[in-house]
Amino acid sequence: METNAFDYEAALEACARGERFALKALYDVESRRLLGVVLRIVRNRETAQDILQEAFLLIWQRAASYRRSLGTGRGWIYTVVRHRALDEARRTVREVPVGDDLEVIADAAGLHTEALSPDHGAADRLDGCLEHLEEKRRECLVAAFVEGWTHEQIARRVDTPVGTVKSWIRRSLLALKECMS
């Protein structure tokens, strides 16, 4: 099925009426792309597939809450799936030992993670370098690379324009790399 000819709004309204064919049609049209979205957030194919299945269940259950006047059906579907993936990513991050947060940021900064072993003391250096960043910039960096937030979400969170947030993150990564070398 061609996505530009597909009527997402009508499919969601059919789901709200309990018409299962509509959910299957939504799945057939969007599941591959949505799996890619989820995979970019959780970075594990098996987990991503589980999340996608759960998200489609949520779409089925919440289809009656969709309103055409508030946005496109496709946008609503992507929002449901993305939020489910981000919820899982945040839950997983909370379960990860603290040292792993430093490794995520180190990877993003292009630093070698083997240098973060306790023998080298680099984890302490990275932590110290993070402390040197201005608080809002550090918050943006952690939100992007540890919590998996998008630039747009971070911008809303810190009440700052998206372009500024992107610049802060890029400059913070460069500052971390310089601080660590």
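Arg74 and Glu30 form a salt bridge, with 2.9 Å between the closest N and O atoms. A salt bridge here is a side-chain nitrogen of Lys or Arg within 4 Å of a carboxyl oxygen of Asp or Glu. This pair links distant parts of the chain: Arg74 belongs to helix α4 (residues 73-95) and Glu30 to helix α2, 44 residues apart. Helices (H or I, at least four residues) and strands (E, at least two) are DSSP runs, numbered from the N terminus.

The model is predicted: local features need pLDDT of at least 70, side-chain atom pairs count only at pLDDT 80 or more, and totals for chains, interfaces and linings use all residues. Residues are numbered from 1 along each chain as its sequence is written, and side-chain values use heavy atoms, with hydrogens and water left out.

**Salt bridges**

Side chains of opposite charge can pair when their charged atoms come close. The count for this model is eight salt bridges. The table gives three, including the pair described above.

| Pair | Closest N to O distance |
|---|---|
| Arg74 and Glu30 | 2.9 Å |
| Arg33 and Glu30 | 3.4 Å |
| Glu88 and Arg84 | 3.5 Å |

Arg33 and Glu30 are three residues apart in helix α2 (residues 20-42), so about one helical turn separates them. Glu30, Arg33 and Arg74 are linked in a network of salt bridges.

How accessible are these residues? Relative accessible area sorts them into buried (under 20%), exposed (over 50%) and partly exposed (in between), using a 1.4 Å probe and protein chains only. Glu30 is buried, at 0%. Arg33 is partly exposed at 39%, and Arg74 is partly exposed at 30%.

Glu88 and Arg84 are four residues apart in helix α4, again about one helical turn. Glu88 is buried, with a relative accessible area of 11%. Arg84 is also buried, at 17%.

**Cysteines**

The model has one disulfide, defined as a pair of cysteine sulfur atoms within 2.5 Å. Cys129 and Cys179 form this disulfide, with their sulfur atoms 1.9 Å apart. The link is left-handed, with -80° about the S-S bond. Cys129 lies in helix α6 (residues 122-132) and Cys179 in helix α9 (residues 162-180), so the disulfide ties together parts that are 50 residues apart in sequence.

Is each partner buried or partly exposed? Cys129 is buried, at 5% relative accessible area, whereas Cys179 is partly exposed, at 39%. Cys15 counts as buried at 2% relative accessibility, and Cys140 counts as buried at 0%.
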